[in-house]
Each structure stands twice: as structure tokens, then as C-alpha cells.
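Biologist: I am new to this structure and would like a close look at a single part, the place where its two domains meet. Could you take me through that contact with care, and then through what lies around the ligand?

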Amino acid sequence: MKQFISVNDVTDINALVKKALAYKAHPLLDKELGADKRIGLLFLNPSLRTRLSTQIAAKNLGMEAVVFNVDKEGWALEFEEGAIMSGNTVEHVKDAAPILGQYFDILCIRTFPSLKNREDDYSEMYINQFIKYAGVPVVSLESATLHPLQSLTDIITITESLKQYPAGGTRKPKVVLTWAPHIKPLPQCVANSFAQWVNAWGEADFVITHPQDYELAEQFTKSATITHDQDAALQDADFVYVKNWSTYTDYGKVYENDPAWMLTEEKLKATNNAKVMHCLPVRRNVELSDEVLDSDHSLVTKQAGNRVWAAQAVLAEILQAAK
Ligand code: CP
């Protein structure tokens with residue numbers, strides 16, 4: 001693996017899942033693989049899980065991890081080619097990224113979208129500029145439109161849960177991605193990325209449900225069944241992935257916050273005793289009720305724990321490719 005920006009960088013999803021689960025069973029299996037290698041984790045936005053799980057994963061592989069909170073501690077970066085830098089930005093990415101490429105063997109970046117201009121966000125300029133100028137493998141810690149480490153974690157979590165709670169017979173598990181209310185506009189990254197990975201994985205009956213006007217980009221939803229009827233979507237579901245996202249077409253808006261879309265124990269009665277997933281952080285009793293989050297339905301803690309093994313599998317693939 002030369003970089004990890006989306007599912008398109010993965011040749012075999014199930015093999016990567018298997019590798020991650022091997023690390024879960026034996027965290028120090030490849031403790032020398034990253035010896036004498038250094039990884040830079042650049043955050044232009046906040047994080048709890050991504051930051052800590054990637055640091056732990058790097059340590060398990062023998063790497064030294066350096067975290068740099070660019071948003072708080074760094075110079076304000078310019079990303080536009082040919083920019084006249086007479087405003088607030090101080091350093092161009094084409095100057096900063098090659099330096100980071102000398103300091104680090106792998107560069108990991110978190111950059112959120114502006115949610116102001118869809119074309120700009122969907123061009124993925126920030127992460128693409130790092131890829132262009134760093135000269136070392138780049139790993140997305142969540143970009144403007146995708147969150148691949150989260151999505152790999154999600155497939156890992158579904159795979160290991162299926163061993164414990166099989167869908168029944170030979171049928172594919174029914175996986176439902178449901179929109180949830182939130183108090184402010186959020187990126188589409190997690191939903192886009194989850195859809196992209198589940199489609200590429202191809203081992204689920206995949207349904208997406210959201211209110212009207214919250215359609216996601218078709219490049220990610222592809223052949224998924226899409227419905228505005230959440231109750232119908234939940235029928236016989238094995239996994240329910242809960243996530244808010246803002247509007248895509250009329251970009252970055254929240255039109256409604258209908259609390260009726262919040263997943264409750266009552267709604268779960270229609271499912272096949274479904275397991276409930278969320279990438280976290282979650283706004284309790286807005287996106288998901290306490291009763292669901294604190295019940296046996298919830299996989300969210302296990303899911304967040306699996307972030308370590310997803311990151312470790314990806315970093316190991318990159319280190320092995322560089323040997
Ligand atoms: N799910 C996730 O990416 O969490 P953080 O924002 O805390 O990293």
C-alpha cells in the first residue's frame with residue numbers, strides 16, 4: 001500500500017480486516033516492523049480516537065509517533081496554488097510539506113471540510129496538496145469527504161460481530177446507515193466513507209435512510225437501497241449505523257432536526273436484534289438515546305477500540321510496501 005486515502009488504496013478488504021484482527025489478538029506481532037521509522041500525525045482539527053489509536057498503533061509497530069496540532073500550534077497554511085499570500089496564511093503547503101516529508105517516513109493528516117463550498121471540499125485540495133508535495137506516504141486521518149480509517153474499523157467490527165451474532169442462514173447481513181438529528185451542520189465524511197466501503201466490501205444488504213434533501217453523493221452510495229422511511233429501513237436489520245450529516249446538494253445545511261429520527265429501543269424492536277454503531281463522538285439523546293447507547297445493542301465502545309487495529313493494519317501495509 002502506497003498511501004491510505006480511500007478504499008481505492010486497498011486491494012483486498014477482507015485480507016486487511018484479517019490482518020487487523022490478527023493484531024487485535026497479538027498487538028506486538030510486528031513490533032520491529034517500524035523500528036527506526038517516524039510517523040507524523042498532523043491535526044488541522046480536533047480528535048480523540050483517531051489521534052490516540054494511531055499513536056498506539058504506531059507504537060505497537062515500533063515506530064516513533066510525533067503529533068503536531070497544526071490548528072493550534074502551527075503557522076496558518078496556504079493551500080491555493082499561486083496564492084498571493086497577503087492575508088492570514090503564513091506558510092504555503094508546498095514549502096511545509098516537503099520539510100515534513102524529510103522529518104517523517106509516513107505523514108498522517110486530519111482536515112475537515114469548510115461546509116461552505118461543495119466543489120472546494122469535494123476537490124480534497126488540502127490532503128491532495130500534502131500528497132503532491134510531501135514525497136512520503138500519506139494517510140488520511142479524515143479528510144474533507146472521507147474517513148477511511150473509521151470505515152475500515154467499521155468493517156472490522158461488523159466482521160467480528162458476525163462471528164458472534166450471525167445474520168442467519170446464508171443471507172448477507174442487513175446493514176442500515178441511518179441519518180440522525182444533530183444541532184449543527186456536520187461533514188458527510190463518515191457517511192460517504194461508510195457507504196463507499198460497504199459497497200466495495202460487497203458482503204452486506206446495504207440500505208441508507210435519511211430525510212428528504214439529505215441525499216449523499218451518488219459516487220459513494222452507488223447501488224445501495226435508499227429510502228426516506230426509517231421504519232421500513234430498520235425492518236430485520238442486523239446492524240444499524242447511526243450518523244448525522246448535513247445536506248449535500250444545497251451544501252452544508254441543516255434543514256430540520258426532527259427528533260423522530262433519533263434511534264430508540266422502540267425502533268430497534270423491528271430489527272433482527274440489531275447491533276448499533278456510531279463513529280463517536282455522539283450527542284446523547286440527540287443523535288442516539290441513552291437507552292440504546294447503554295444497552296447490549298451498542299457496539300460503539302468496541303468499535304472505537306478497533307480503531308487501533310485498523311490503523312495498525314494500514315501502517316503495517318505501508319511499511320511492508322516500503323521495504
Ligand atoms: N471517530 C473519530 O474519528 O473520532 P475522533 O474525531 O475523536 O478522532
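Modeller: What follows goes from the two domains to their contact, and then to the ligand and a few backbone details. Please keep in mind throughout that this is a predicted model.

The protein chain is divided into domain 1, which takes in residues 7–146 together with 306–322, and domain 2, which covers 149–304. Domain 1 is thus written as two stretches of the chain, and domain 2 as one. The C-alpha centres of the two domains lie 25 Å apart, and the contact takes 32 residues from domain 1 and 36 residues from domain 2. Between them an area of about 2800 Å² is buried, and carbon and sulfur atoms give 65% of that area.

Turning to the polar side of this contact, there are 17 residue pairs in polar contact between domain 1 and domain 2. The elements that give two or more residues to the side of domain 1 that touches domain 2 are helix H1 (13–25), helix H2 (49–60), helix H5 (118–122), strand E6 (138–140) and helix H14 (307–322). Of these, H1 provides the largest share, with seven residues. Sorted by class, this side of domain 1 has 17 nonpolar, eight polar and seven charged residues.

Across the interface of the two domains one salt bridge is found. Lys24 and Glu160 form a salt bridge through their side chains, at 3.0 Å from N to O. In the structure as a whole the count comes to 13 salt bridges. Another pair is that of Lys19 and Glu317, whose side chains meet at 3.1 Å, N to O; this pair links distant parts of the chain, since Lys19 is in helix H1 and Glu317 in helix H14, 298 residues apart.

The ligand comes next. The residues that surround the ligand are Ser47, Leu48, Arg49, Thr50, Arg110, His147, Gln150, Cys279, Leu280 and Arg307. Three of its polar approaches can be described one by one. An oxygen atom of the ligand is 2.7 Å from an N or O atom in the side chain of Ser47, while a nitrogen atom of the ligand is 3.0 Å from a polar backbone atom of Cys279. For Arg307, an N or O atom of the side chain is 3.3 Å from an oxygen atom of the ligand.

Leu280, which is among the residues around the ligand, also leads into a backbone detail, for the peptide bond from Leu280 to Pro281 is cis, with omega near 5 degrees. Pro281 is found in the loop between strand E11 (275–277) and helix H12 (290–293). A second backbone detail concerns Asp36, a residue other than glycine whose phi is positive, near 65 degrees, and which has its place in the loop between H1 and strand E1 (38–43). Both details are worth noting because most residues other than glycine have a negative phi, and most peptide bonds are trans.

Notes: Residues numbered from 1 in each chain as written. Predicted model: local features only at pLDDT ≥ 70, side-chain atom pairs only at ≥ 80, totals over all residues. Heavy atoms only, no water. Domains from an automatic or database assignment. Contact = heavy atoms within 4.5 Å. Buried area = accessible area lost by both parts, 1.4 Å probe. Salt bridge = Lys/Arg side-chain N within 4 Å of Asp/Glu carboxyl O. Polar contact = N/O pair within 3.5 Å; in protein donor to acceptor, adjacent residues only side chain to side chain. Helix = DSSP H or I, 4+ residues; strand = E, 2+ residues; numbered from the N terminus. Nonpolar A, V, L, I, M, F, W, Y, C, P; charged D, E, K, R; others polar. Near = heavy atom within 4 Å.
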